[in-house]
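Here's a quick walk through a fold, strand by strand and helix by helix. Have the viewer open alongside while you read.

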Amino acid sequence: MRPISRETEKALDYRQWVEERRAYVAKASGGRLGYVHMFDMSAGALAQLYLDLDAENMGREGVVVDVRNNNGGFVNVYAIDVLARRSYLTMSNRSQPTPMPARTALGQRALELPTVLVTNQHSLSDAEDFSEGYRAEKLGKIVGEPTGGWIIFTGGATLLDGSSLRLPGSTIRAARDGKVMEMNPRPVDVAVTRPMGESYTGRDIQLDTAVKELLGQLKPGTAGAAGGR
């Protein structure tokens with residue numbers, strides 16, 4: 001046995017949690033749906049999203065996107081782009097005659113599958129921007145609980161005695177209606193609150209509901225066609 005740092009242990013615990021959720025969604029959907037979770041909205045989380053989508057989810061008919069407990073960052077627009085892009089061409093070649101979406105063939109990040117988003121009251125800051133973008137782009141249903149209503153840009157200021165504080169710097173408004181997002185949690189389409197103690201039972205009613213909603217959008221028993229929404 002070799003000792004590891006606490007940070008390494010936490011990262012391994014988190015990845016185990018993700019793999020458990022992925023297996024949960026696969027079982028609940030009969031293998032038709034994939035699953036991704038974004039830990040936060042950092043560059044590292046975005047890179048992991050790319051890996052998870054490429055490795056596990058491109059062959060599914062749809063994907064459950066989970067941003068529960070995501071405390072924000074700055075990459076929401078890049079993550080939304082991956083889900084929103086749609087191909088308008090297909091490509092095939094001599095070695096692979098089956099047509100495939102041109103964006104994917106050319107190496108551009110694009111999921112091109114139907115999705116459903118899961119949020120909760122601990123989805124904060126840039127995760128709320130992500131939820132707003134998901135709704136504004138009409139990418140799919142949002143399931144779970146409204147976000148925290150914490151989104152505002154702040155900066156640090158150092159005082160004469162060496163102490164520091166955070167000062168608001170920018171206001172964020174939803175382009176859809178012009179309303180300030182701070183103190184206005186992003187809403188959901190299907191409200192689902194996990195019962196107290198549910199995490200100890202092995203069940204996740206929010207994921208169950210998300211799976212049901214996304215399967216309801218798919219044709220029964222069909223293989224996922226890239227480019228569907």
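What follows goes from the sheet to its helices, then to some single residues, a hairpin and a ring cluster. Keep in mind that this is a predicted model.

## The sheet

Let's start with the strands. Five of them make up an open sheet, and reading across it the order is β1-β2-β5-β6-β9, with parallel pairing. The edges belong to β1 (33–37) and β9 (190–191); each has a single partner strand, so one side of each is left without a neighbour in the sheet.

Further in, β2 (residues 62–66) and β5 (residues 115–119) run parallel and are joined by four bridges. If you want a spot to zoom in on, aspartate 66 sits opposite valine 118 of β5. As a reminder, strands of a sheet pair through backbone hydrogen bonds, in either a parallel or an antiparallel way.

## Helices on the sheet

Two helices are worth a look here. Helix α1 (residues 6–28) packs on the sheet and touches β1 and β2. The direction of α1 makes about 155° with that of β1.

Helix α5 (residues 126–136) lies across three strands, namely β2, β5 and β6 (142–144). Relative to β5, α5 runs at about 150°.

## Two buried residues

Buried or exposed: what does valine 63 count as? This residue of strand β2 has 0% relative accessibility, and because the cut-off for buried is under 20%, valine 63 counts as buried. Leaving out neighbours within four places in sequence, valine 63 has contacts that include Tyr35, Val36, Leu113, Val116 and Leu214. Take valine 116 from that set: along the chain it is 53 residues from valine 63, yet their C-alpha atoms are separated by 6.8 Å.

Serine 131 belongs to helix α5. Its relative accessibility is 2%, so serine 131 counts as buried too. Setting aside residues up to four places away in sequence, serine 131 touches Leu117, Thr119, Ile142, Thr147 and Arg186.

## The β7–β8 hairpin

Now for an antiparallel pair. Strands β7 (residues 153–158) and β8 (residues 164–170) are joined by six bridges. Alanine 157 has leucine 165 of β8 as its bridge partner, while threonine 158 is matched with serine 164 of β8.

Five residues lie between the two strands of this hairpin, and glycine 162 takes a positive phi near 95°. How many of the seven residues in β8 are buried? The count is zero, and β8 is hardly covered.

## Aromatic rings

The count of aromatic pairs comes to three. One of the pairs is tyrosine 14 with phenylalanine 39, an edge-to-face arrangement with 5.0 Å centre to centre and 65° between the planes. Why does this pair tie together parts that are 25 residues apart in sequence? Because tyrosine 14 lies in helix α1, whereas phenylalanine 39 is in the loop between β1 and α2 (43–57).

Tyrosine 14 has 18% relative accessibility, so it counts as buried. Zoom out a little and you'll find Tyr14, Trp17 and Phe39 linked by ring pairs into a cluster.

Terms used
Residues are numbered from 1 along each chain as its sequence is written. This is a predicted model: local features need pLDDT of at least 70, side-chain atom pairs count only at pLDDT 80 or more; totals for chains, interfaces and linings use all residues. Side-chain values use heavy atoms; hydrogens and water are left out. Two strands pair if DSSP finds at least two bridges between them. Contact means heavy atoms within 4.5 Å. Axes are lines fitted to C-alpha atoms, for helices over the stretch in contact, and angles run from 0 to 180 degrees between N-to-C directions. Buried means under 20% relative accessible area, exposed over 50%, partly exposed in between (1.4 Å probe, protein chains only). Rings of Phe, Tyr and Trp (its six-membered ring) pair if their centres lie within 6.5 Å; planes under 30 degrees apart count as stacked, over 60 as edge-to-face and the rest as tilted.
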